[in-house]
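Here's a quick tour of the charged side chains in this one. Have a look at the sequence and the model before reading on.

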Amino acid sequence: MYLGLWYGFWSKSTQGWLRWHDPAGNPVLAPEELERQRAERLATKLRELGLDPEQI
(Lines give C-alpha, C1' and ligand atoms only; values in the text may rest on other atoms or scores of the structure.)
Protein backbone atom coordinates (compact mmCIF):
# COMPACT_ATOMS: atom_id res chain seq x y z
CA MET A 1 0.00 0.00 0.00
CA TYR A 2 1.06 3.55 -0.59
CA LEU A 3 -0.21 7.08 -0.12
CA GLY A 4 -1.33 8.86 -3.26
CA LEU A 5 -3.54 11.69 -4.43
CA TRP A 6 -7.18 11.07 -5.20
CA TYR A 7 -9.32 13.79 -6.74
CA GLY A 8 -12.99 13.80 -5.83
CA PHE A 9 -15.77 14.84 -3.49
CA TRP A 10 -15.32 14.16 0.22
CA SER A 11 -16.25 16.02 3.38
CA LYS A 12 -18.33 18.61 1.49
CA SER A 13 -15.43 19.57 -0.79
CA THR A 14 -14.10 18.58 -4.21
CA GLN A 15 -10.31 18.64 -4.36
CA GLY A 16 -7.24 16.44 -4.22
CA TRP A 17 -7.08 14.20 -1.16
CA LEU A 18 -4.29 12.08 0.27
CA ARG A 19 -5.52 8.47 0.40
CA TRP A 20 -4.17 4.99 0.77
CA HIS A 21 -4.00 3.00 -2.47
CA ASP A 22 -3.57 -0.73 -3.01
CA PRO A 23 -0.69 -2.12 -5.11
CA ALA A 24 -2.90 -1.94 -8.25
CA GLY A 25 -3.40 1.81 -7.71
CA ASN A 26 -7.01 1.63 -6.48
CA PRO A 27 -7.99 3.82 -3.54
CA VAL A 28 -8.65 1.86 -0.36
CA LEU A 29 -12.27 2.53 0.56
CA ALA A 30 -13.18 4.25 3.81
CA PRO A 31 -15.70 2.49 6.08
CA GLU A 32 -18.44 4.91 4.97
CA GLU A 33 -17.75 4.09 1.33
CA LEU A 34 -17.85 0.36 2.02
CA GLU A 35 -21.19 0.71 3.81
CA ARG A 36 -22.65 2.79 0.95
CA GLN A 37 -21.57 0.14 -1.58
CA ARG A 38 -23.11 -2.60 0.56
CA ALA A 39 -26.39 -0.68 0.82
CA GLU A 40 -26.46 -0.07 -2.95
CA ARG A 41 -25.88 -3.79 -3.68
CA LEU A 42 -28.66 -4.75 -1.26
CA ALA A 43 -31.09 -2.24 -2.80
CA THR A 44 -30.28 -3.55 -6.28
CA LYS A 45 -30.90 -7.14 -5.18
CA LEU A 46 -34.21 -6.20 -3.54
CA ARG A 47 -35.35 -4.47 -6.73
CA GLU A 48 -34.42 -7.60 -8.73
CA LEU A 49 -36.72 -9.54 -6.40
CA GLY A 50 -39.53 -7.06 -7.04
CA LEU A 51 -39.27 -5.31 -3.69
CA ASP A 52 -38.99 -1.59 -3.08
CA PRO A 53 -36.09 -0.95 -0.64
CA GLU A 54 -37.75 2.29 0.49
CA GLN A 55 -40.81 0.34 1.70
CA ILE A 56 -38.91 -2.15 3.83
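What follows is a short walk through salt bridges and their surroundings.

## A buried arginine

First, a caveat: this is a predicted model. With that said, let's start at R19, which sits in strand β2, spanning residues 13-21. R19 counts as buried because its relative accessibility is 12%, and the cut-off for buried is under 20%.

So who surrounds it? Setting aside neighbours within four places in sequence, R19 touches Y2, L3, G4, W6, P27, V28, L29, A30 and E33. Two of those contacts get a closer look here. R19 lies over the face of W6, 4.7 Å from the ring centre. As for aromatic pairs, the structure has zero of them.

## The R19–E33 bridge

The other contact to look at is E33. Its side chain and that of R19 make a polar contact at 2.7 Å, and the two residues also form a salt bridge, with 2.7 Å between the closest N and O atoms. This pair ties together distant parts of the chain: E33 belongs to helix α1 and R19 to strand β2, with their positions 14 residues apart.

Is E33 buried or exposed? E33 is buried, since its relative accessible area is 8%. Its partner R19 is buried too, at 12%.

## Bridges along helix α1

How many salt bridges turn up in a search of the whole structure? The count is four. Among them is E40 with R36, where N and O are 3.8 Å apart. These two residues sit about one helical turn from each other because they are four residues apart in helix α1. E40 is partly exposed, with a relative accessible area of 45%, and R36 is partly exposed as well, at 48%.

Another of the bridges joins K45 and E48, at 3.9 Å from N to O. Here the spacing is three residues in helix α1, so K45 and E48 are again separated by about one helical turn. E48 counts as exposed because its relative accessibility is 57%, and the cut-off for exposed is over 50%. K45, at 44%, is partly exposed.

## Where K45 sits

K45 is part of helix α1, which covers residues 31-48. What separates the C-alpha atoms of K45 and L18? The answer is 33 Å in space, with the two residues 27 apart along the chain.

Definitions and conventions
Residues are numbered from 1 along each chain as its sequence is written. This is a predicted model: local features need pLDDT of at least 70, side-chain atom pairs count only at pLDDT 80 or more; totals for chains, interfaces and linings use all residues. Side-chain values use heavy atoms; hydrogens and water are left out. Buried means under 20% relative accessible area, exposed over 50%, partly exposed in between (1.4 Å probe, protein chains only). A polar contact is a pair of N or O atoms within 3.5 Å; within protein, one must be able to donate a hydrogen and the other to accept it, and residues adjacent in sequence count only if both atoms are side-chain atoms. Contact means heavy atoms within 4.5 Å. Rings of Phe, Tyr and Trp (its six-membered ring) pair if their centres lie within 6.5 Å; planes under 30 degrees apart count as stacked, over 60 as edge-to-face and the rest as tilted. A charge sits over a ring if NZ of Lys or CZ of Arg is within 6 Å of the ring centre and within 35 degrees of the ring normal. A salt bridge is a side-chain nitrogen of Lys or Arg within 4 Å of a carboxyl oxygen of Asp or Glu.
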